Amino acid sequence: MSEPGGAGRYAPSPSGDLHLGNLRTALLAWVFARTTGRRFLMRVDDLDRVRPGAEQRQLADLAAIGLDWDGPLVRQSERLEHYRAAIDRLTESGRTYECFCTRREIQQATTAPHGPMGAYPGTCRTLTAAARADHIAAGRPAALRLRADVGEFEIIDRLHGGYRGLVDDVVLRRGDGMPAYNLAVVVDDAAQGVDQVVRGDDLLASTPRQAYLCTLLGLPIPEYAHVPLVLNAAGQRLAKRDGSVTLADRLAGGDTVEAVVSALCRSISDSARTPTQLSEHFDPSGLPRQPLTFDGNRLLQPSRCP
């Protein structure tokens, strides 16, 4: 059941330390929530790629840059029964089917001439009972997919406006039996009363799938704001391999927490040096629409990418 009132959230995966781009997105999610009278929630999306100690370091870094959150921390690994219940609802309404395709088979199908680029081509959608039995006998694990009845879905994004994107037969439960991200995030946001989702714009393309899932489950579609990423000098998404990109890296190199926080805040608003100042001066309409570039000396600079 949803909690009263609206909320924003930040939901990192504990696969490693947060880099400056992650911290900037978290800061944006925080300031969007705080300046619109919403609660700000913290959730750990730990259904996949979990590294020991990463969650603790991530939370410590978020607190160190001045972010606070409301209520208890929520972990997806503690909510498996809620995802199973949602999958059962979709299955009972005839909206799921088993998929025995391997990643390689899916990749080959989606890159074939005239194939639907980036979309699951529906190979197992009409699988016969005999073929299904053969796959089971061969020991092939089965994922569970959504039987979508639309090919596209439109969302409204605070920064991008109307965005119509691909909807395919998205995985709901992986072959190892674990719930898939697109389902879990929809169920969790609704359960926590999250009506504002601020995250990196690399996730914009997957959002129509999630919004469509909301409609099938009878859940409200949140307000979205997909913010530009921080890139490396080559114009690629910032990663650990790009050098001193985490808070610990910067401190080890001689920066202070205050200097890092100031750089993050100034990358959002020229007049802000702290989260408090950022909340006082925050204007979403003035947010940069282009990605930023990580510069080892000056931290974050406007990108020269078109």
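This is a short walk through a predicted model of one protein, from its overall shape down to a few residues.

Okay, let's start with the whole thing. The protein has ten helices and 13 strands. Its C-alpha trace spans about 65 × 45 × 40 Å along the principal axes. How does the radius of gyration sit against a compact globule? For 306 residues you'd look for a value near 19 Å, and the protein has 21 Å, so the two agree. Buried residues account for 48% of the 306. And if you take contacts between residues at least 6 apart in sequence, 74% of them join residues at least 24 apart.

Now the inside. As a rule, in soluble globular proteins, nonpolar side chains tend to be buried together. Here the largest nonpolar core has 37 residues, and the ones with the most contacts inside it are L23, L27, L28, L62, L278 and F282. Who supplies it? At least two residues each come from α1 (20–34), β2, α2 (54–64), β10 (223–227), α9 (257–266) and β12 (292–295). The largest share is from α1, with ten residues. If you click on F282, leaving aside residues up to four places away in sequence, you'll find it touching L28, V31, F32, T35, I268 and L287. There's another core lying apart from that one, with 30 residues, including L183, V186, A211 and Y224.

Two of those names, L183 and V186, take us to helix α6, since both are on its list of buried residues. So is α6, residues 181–191, mostly covered or mostly open? Covered: nine of its eleven residues are buried. The full list is N182, L183, A184, V185, V186, V187, D188, D189 and A190, and yes, that includes two aspartates, D188 and D189. What do they pack against? The buried residues of α6 meet three strands from the earlier part of the list, β1 (7–10), β2 (39–44) and β8 (171–173), plus β9 (196–200) and the helices α3 (80–92) and α7 (207–217). Right after α6 ends, G193 has a positive phi, about 75 degrees.

Next, a small sheet. It's open, three strands, in the order β4-β5-β8, and the pairing is antiparallel. β4 and β8 are the edge strands with a single partner each, so each has one side without a neighbour in the sheet. From one strand to the next, the twist averages 45 degrees. Between β4 and β5, residues 143–146, there are four bridges.

Let's zoom in on T96, which is in β4, residues 96–99. Which residue does T96 face across in β5? That's L146. Is T96 buried or exposed? Its relative accessibility is 12%, and the cut-off for buried is under 20%, so T96 counts as buried. Its side chain isn't without a polar partner, either: there's a polar contact to the side chain of T91, at 2.9 Å. Skipping residues up to four places away in sequence, T96 touches I87, L90, T91, L144, R145, R147 and L172.

Last stop, another threonine: T293, in strand β12. At 15% relative accessibility, T293 counts as buried as well. Its C-alpha is 8.9 Å from that of A234, and the two residues are 59 apart along the chain.

That's my tour, so over to you.

Note on methods
Residues are numbered from 1 along each chain as its sequence is written. This is a predicted model: local features need pLDDT of at least 70, side-chain atom pairs count only at pLDDT 80 or more; totals for chains, interfaces and linings use all residues. Side-chain values use heavy atoms; hydrogens and water are left out. Buried means under 20% relative accessible area, exposed over 50%, partly exposed in between (1.4 Å probe, protein chains only). Contact means heavy atoms within 4.5 Å. A polar contact is a pair of N or O atoms within 3.5 Å; within protein, one must be able to donate a hydrogen and the other to accept it, and residues adjacent in sequence count only if both atoms are side-chain atoms. Two strands pair if DSSP finds at least two bridges between them. Axes are lines fitted to C-alpha atoms, for helices over the stretch in contact, and angles run from 0 to 180 degrees between N-to-C directions. A nonpolar core is a set of buried Ala, Val, Leu, Ile, Met, Phe, Trp, Tyr and Cys residues joined through side-chain atoms within 4.5 Å. The radius of gyration is taken over C-alpha atoms; the globule rule is 2.2 Å times the number of residues to the power 0.38.
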